[in-house]
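Welcome! Have a look at the sequence and the model below, and then let us walk through some of the features together.

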Amino acid sequence: MAGGAGAAVELTVGEREVRISNPDRVYFPESGVTKLDLVQYYLSVGDGIVNALRDRPCMLHRFPKGLTGGKVHQKRLPAGAPDWVSTVRVYFPRYGRHADELCVGELAEVIWAVQMSTVEFHPWNSRRADTESPDEWRIDLDPMPDCPWSRVQRVAGVVREVLDEIGAVGWPKTSGGKGLHVYVRIAPEHGFQQVRRAALAFAEEVRRRAPEEVTTTWWRRDRDPGRLFIDYNQNARDHTIAAAYSVRGNPAATVSTPVGWDEIENIHPRDFTVATVPARYRRLGDLHAGIDDAVFDLRQLIEWADRDEVDLDEEPAPES
C-alpha cells in the first residue's frame with residue numbers, strides 16, 4: 001500500500017460518480033490501510049452498511065489526517081456535499097440548535113462520506129419518518145476495564161435467554177472494541193425515555209440472573225471494574241454507537257461485525273477487521289438482513305419497568 005497522497009480516482013457507485021482524493025493517504029499506520037482501502041472495504045459490505053444506516057440521522061467520526069491526526073465528531077453534513085447526498089434535520093434541545101445530518105439511502109452516500117475522511121458511522125436508533133420515536137432497542141454489553149471477554153460471552157448467553165423468553169429476536173454484533181451489541185427491532189410507537197426505561201428493566205432482569213457478572217450502576221466510578229455494564233443509556237436521545245459494518249478508529253482497524261449467536265463462544269472482537277470482514281461477508285452475506293422482519297412489542301418491557309418502578313437517573317450527556 002502506497003504511503004503518499006496519490007492522484008485522485010473516480011469511482012462509479014451505483015448511478016453516481018464519486019471522486020476519491022488522496023487515495024493513498026494512510027489512515028491506519030499500524031496496518032498501512034489507506035483511504036482507498038477504506039473505500040474498497042465499504043464497497044465490499046455495501047448492502048450491509050446501507051441496511052444499517054438507511055434513513056437514520058448519522059453522526060460521522062472523521063479523521064482528516066488519519067488516526068494520528070485526531071478525530072472530529074461531525075453532526076452536520078460536511079460542506080461541499082453533492083446535491084444527491086441526503087440529509088435529515090434534527091433538533092438538539094440541550095443546545096437549542098438544529099443540524100442537518102447525513103441520512104443514507106444509497107451506497108454512494110457512504111462512499112462520499114469516506115471521501116470526506118469518515119472512518120466510523122454512528123446512526124441514531126430512529127429514522128427520518130419520525131426521529132423522535134426509536135425503532136431500534138440497543139443492548140450494549142460494555143465491559144469494565146478488568147472484565148474479561150469470557151464474561152462478555154457468558155452474559156451474552158443470558159441476554160439471549162431473556163430475549164427468547166419474551167419473544168424478542170436479538171441481532172448481535174461485535175462492538176469493534178471490547179464488547180458486544182444486540183439490536184432488537186421495535187415499532188416506532190414510544191419516545192426515547194420510554195425505550196430507555198424498557199432497556200433498563202431488561203438490563204435489571206439480566207443482572208438478577210447474573211449478579212456476580214453484571215452491573216447496571218449509573219456512575220462509572222461506582223461500578224465494579226471487573227463486571228460487565230449493560231449500558232441502557234445508549235437508548236437515550238442523541239446517543240449513538242457504531243453501526244453494523246462500521247470500521248472503528250483504532251490501530252487494528254477493527255469492524256463492528258454482525259455475528260450469529262452460536263458463534264459468540266468461539267470469537268473475539270479482534271477477529272474482525274478491514275482485512276478479514278470482506279471475505280466473511282462474501283461467504284455469509286449480511287447477517288442482519290432480516291432485522292426489519294422481526295418487530296418486538298416493547299410494551300411488555302414497559303410493563304416490567306412500571307412493575308419494578310424503574311426510575312431513570314438524569315438524562316445522560318450526549319456524545320460531543
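## End of helix 7

A good place to begin is Glu-309, which sits in the segment after helix 7. This is a predicted model, and in it Glu-309 has a positive phi of about 50° even though the residue is not a glycine. For context, most residues other than glycine have a negative phi. Is Glu-309 buried or exposed? With 68% relative accessibility, Glu-309 counts as exposed.

Helix 7 itself spans residues 299-307, and its buried residues are Leu-301, Ile-302, Trp-304 and Ala-305. These four lie on the same side of helix 7, because the arc they cover around the axis is only 150°. Glu-303 and Arg-307 are exposed on the other side of helix 7. What do the buried residues of helix 7 pack against? Their partners are strand 10, helix 4 (149-166), helix 5 (192-209) and strand 15 (295-296).

## Another positive phi

Asp-55 also has a positive phi, near 65°, and is a residue other than glycine. You will find Asp-55 in the loop between helix 2 and strand 5 (57-62). Its relative accessible area is 29%, so Asp-55 is partly exposed.

## Helix 1 and its buried side

Helix 1 covers residues 35-44, and within this helix Lys-35, Leu-38, Val-39, Tyr-41 and Tyr-42 are buried. They are on the same side of helix 1, because they cover an arc of only 160° around the axis.

## The largest cavity

How many cavities of 30 Å³ or more does the structure hold? There are 2 of them, and the largest contains about 100 Å³ of space. Its lining is made up of 14 residues, and those closest to the centre are Asn-51, Ala-52, Glu-136, Tyr-183 and His-288. Helix 2 (46-53), strand 10 (136-143) and strand 12 (180-186) are the elements that each supply two or more residues to this lining.

Which element gives the most to the lining of the largest cavity? That is helix 2, with 3 residues. Sorted by class, the lining of the largest cavity comprises 6 nonpolar, 3 polar and 5 charged residues.

## The second largest cavity and Pro-258

The second largest cavity has a volume of about 50 Å³. Its lining consists of Tyr-245, Thr-257, Pro-258, Val-277, Arg-280, Tyr-281, Leu-284, Gly-285 and Leu-287. Here the classes come to 6 nonpolar, 2 polar and 1 charged residues.

One of these lining residues, Pro-258, is worth a visit of its own. Pro-258 belongs to the loop between strand 14 (228-230) and helix 6 (277-284). With a relative accessible area of 1%, Pro-258 is buried. Leaving aside neighbours within four places in sequence, Pro-258 is in contact with Pro-172, Lys-173, Ala-244, Tyr-245, Arg-280, Leu-287 and His-288. Among these contacts, Tyr-245, Arg-280 and Leu-287 also line the second largest cavity, while His-288 appears among the residues closest to the centre of the largest cavity. Along the chain, Pro-258 and Phe-272 are 14 residues apart, and their C-alpha atoms are separated by 9.8 Å.

## Two cysteines without a bond

How many disulfides are there? The count comes to 0. Cys-58 is in no disulfide, and the nearest cysteine sulfur, which belongs to Cys-103, is 8.8 Å away. Cys-103 is likewise in no disulfide, with the sulfur of Cys-58 as the nearest cysteine sulfur. A pair of cysteine sulfur atoms has to be within 2.5 Å to count as a disulfide, so the 8.8 Å between these sulfur atoms does not qualify.

Are these cysteines buried or exposed? Cys-58 is buried, with a relative accessible area of 1%, and Cys-103 is buried with a relative accessible area of 1%.

## Ala-108 in helix 3

Our last stop is Ala-108, a residue of helix 3 (residues 107-115). Its relative accessibility is 1%, so Ala-108 counts as buried. Which residues does Ala-108 touch, not counting residues up to four places away in sequence? They are Val-13, Arg-16, Val-18 and Trp-84. Ala-108 and Asp-130 are 22 residues apart in sequence, and from C-alpha to C-alpha they are 24 Å apart in space.

Terms used: Residues numbered from 1 in each chain as written. Predicted model: local features only at pLDDT ≥ 70, side-chain atom pairs only at ≥ 80, totals over all residues. Heavy atoms only, no water. 1 Å grid on protein atoms, 1.4 Å probe; cavity = no way out; pocket = protein on both sides within 12 Å on 5 of 7 lines; lining within 4 Å. Points joined across faces, edges and corners; volume = space filled by probe spheres on them. Nonpolar A, V, L, I, M, F, W, Y, C, P; charged D, E, K, R; others polar. Buried < 20%, exposed > 50% of the residue type's maximum accessible area, 1.4 Å probe, protein only. Arc of directions from axis to C-beta. Contact = heavy atoms within 4.5 Å.
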